[in-house]
Amino acid sequence: MAGTSVDSIVIGLGVMGAASAAHLARRGQRVLGFDAYPRGHTQGSSHGRSRIIREAYFEAPEYVPLVQRAYKLWRELEEASAQTLLTTTGGLCTGSPESSAVSGALQSAELHGLPHELLSAAEVTARFPGFSLAEDMVGVLEPRAGVLHANRCVAALLDIATQHGADLHHDEPVIRWSANGQGVRVETAAGSYLADRLVVTAGPWASELLAELTLPLQVQRVVNAHLESRRPERFAAARFPVFIMQVAEGHYYGMPFMPGQGVKIGRHDNIQPCTPQTIRRDIDPAEIETLRGVLDRYLPGAAGPVMSSFTCMYTSTPDRHFILDRHPEHPQVVYGCGFSGHGFKFAPVIGEVLSDLAVEGATSNDVAFLSAARLALSARG
Ligand SMILES: Cc1cc2nc3c(=O)[nH]c(=O)nc-3n(C[C@H](O)[C@H](O)[C@H](O)COP(=O)(O)OP(=O)(O)OC[C@H]3O[C@@H](n4cnc5c(N)ncnc54)[C@H](O)[C@@H]3O)c2cc1C
């Protein structure tokens, strides 16, 4: 295999690399992709059965056009792969009126003219009897939010990539890459590969593969639990929204009851720094009890026996916004990382952006706010 030469190589085939490989292959590039682990592995950030997608983006209104593009691309992928990838449930962001979950969602909805309703705690319960919010809480309800069937999404992106000719090498870790004239050389234990351009989407391993950029990334351990519901009819996805709760206990997110998956809950702000090598994979009963306690408080009846739980990693930037950029010294190398625990929903548009940047050197999607330069600026000032 030594010296195999293609148009583009993608390092890391989580959801972002899978989407990048799919976009590159669909535009006629000869693509090679590498992942360190077997297909379907659970070592990174993209595994699991579900992820939230929402449009009234509380993190910043600049994400709204990107998520709208992602919705379109997810629907196209559904059609191309003849399966359901996105189930619309509506979404509720709750907290105090001043919380970022509420005020940020309102700001995005108003700025972009998105359909939404601002509900008092009593109105939330009238609409969704499963919620029992504190009196001073409010909720922003948006109709287009829903659940992405995560494992299926990643598999569909990988399949589309291979259907368009991409050669994806799972379980073949990249040992190193280097710029080679105008192109790149990528080395694994099995061989050395040449390409005109390189896309690095290595999730929590980004700091290792892009060490020279000294990106300010912090990897964090996250625990999610799926619980049987004691009242499945009340919390069923057909009548209960995905939810974000910024409450005294912390910042939580969750999914309504789905058969075989129960109700899902995770905590967004429980910073537990780790590395891919040091992450603790076992889960304390106390961690599950904390998650259950939040459900018992705000969604009484939702939480029954534990069905499953898992750990996953966030790779966060200081401002919790993504990094999408070109390598400053090697313009033929582009990268996406620092998805800060909220990237999955954007994967198809991230794949489009990275393939635009790799092939054309520019993209029509507005991602200037996600450049690496802003981090250097904020670190200085
Ligand atoms: C518990 C949890 C819940 C989340 N919930 C949501 C949500 O509801 N909505 C949402 O939008 N987002 C959510 N996110 C965030 C989202 O899942 C991530 O932003 C996204 O999955 C990041 O994907 P990635 O491809 O960058 O990383 P990864 O999936 O980690 O992919 C990186 C890949 O690179 C590979 N790799 C590493 N080193 C090498 C090497 N040397 N050679 C070859 N391959 C290599 C790894 O094996 C891995 O497969 C959640 C994340 C977690 C952890």
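In this predicted model, the shell around the ligand takes at least three residues from domain 1 (4-46 + 151-215 + 319-380) and at least three from domain 2 (91-143 + 218-316). The ligand is surrounded by 38 residues, and the closest of these are Gly12, Gly14, Gly44, Gly203 and Gly343. By residue class, the shell comprises 21 nonpolar, 14 polar and three charged residues. Four secondary-structure elements each provide at least two residues of this shell: helix H1 (15-26), strand S3 (50-53), strand S13 (218-227) and strand S17 (306-316).

Strand S13, one of the elements that supply the shell, is also paired with strand S16. The two strands are antiparallel and are joined by four bridges; within this pairing, Ala225 lies opposite Ile265 of S16. Strand S16 spans residues 262-267 and is mostly covered, with six of its six residues buried. In a regular strand, side chains alternate between the two faces of the sheet.

Strand S16 also pairs with strand S15 (residues 250-258), again in the antiparallel sense. Five bridges connect S15 and S16, and Met255 has Lys264 in S16 as its bridge partner. Together, S15 and S16 make up a hairpin in which three residues separate the strands. The turn of this hairpin contains Gly260, whose phi is positive, at about 80 degrees. Strand S16 is therefore a partner of both S13 and S15, as a residue-level view of the pairings shows: Ile265 of S16 faces Ala225, while Lys264 of S16 is bridged to Met255.

Positive phi values also occur outside glycine. Most residues other than glycine have a negative phi. Ala82, which is not a glycine, nevertheless has a positive phi of about 50 degrees. Ala82 is located in the loop that links helix H2 (63-81) with strand S4 (86-88). This residue is classed as exposed because Ala82 has 7 C-beta neighbours inside 10 Å.

Ser340 likewise is not a glycine and has a positive phi of about 50 degrees. The loop holding Ser340 runs between strand S19 (333-337) and helix H9 (347-359). Ser340 has 21 other C-beta atoms within 10 Å, and is therefore buried. The two loop residues thus contrast in their surroundings, Ala82 being exposed and Ser340 being buried.

Methods: Residues are numbered from 1 along each chain as its sequence is written. This is a predicted model: local features need pLDDT of at least 70, side-chain atom pairs count only at pLDDT 80 or more; totals for chains, interfaces and linings use all residues. A residue is near a molecule or strand if its C-beta atom, placed from the backbone, lies within 6 Å of it. Ala, Val, Leu, Ile, Met, Phe, Trp, Tyr, Cys and Pro count as nonpolar, Asp, Glu, Lys and Arg as charged, and the others, Gly among them, as polar. Domain bounds come from an automatic or database domain assignment. A residue is buried if 20 or more other C-beta atoms lie within 10 Å of its own, exposed if 12 or fewer, and partly exposed in between; C-beta atoms are placed from the backbone. Two strands pair if DSSP finds at least two bridges between them.
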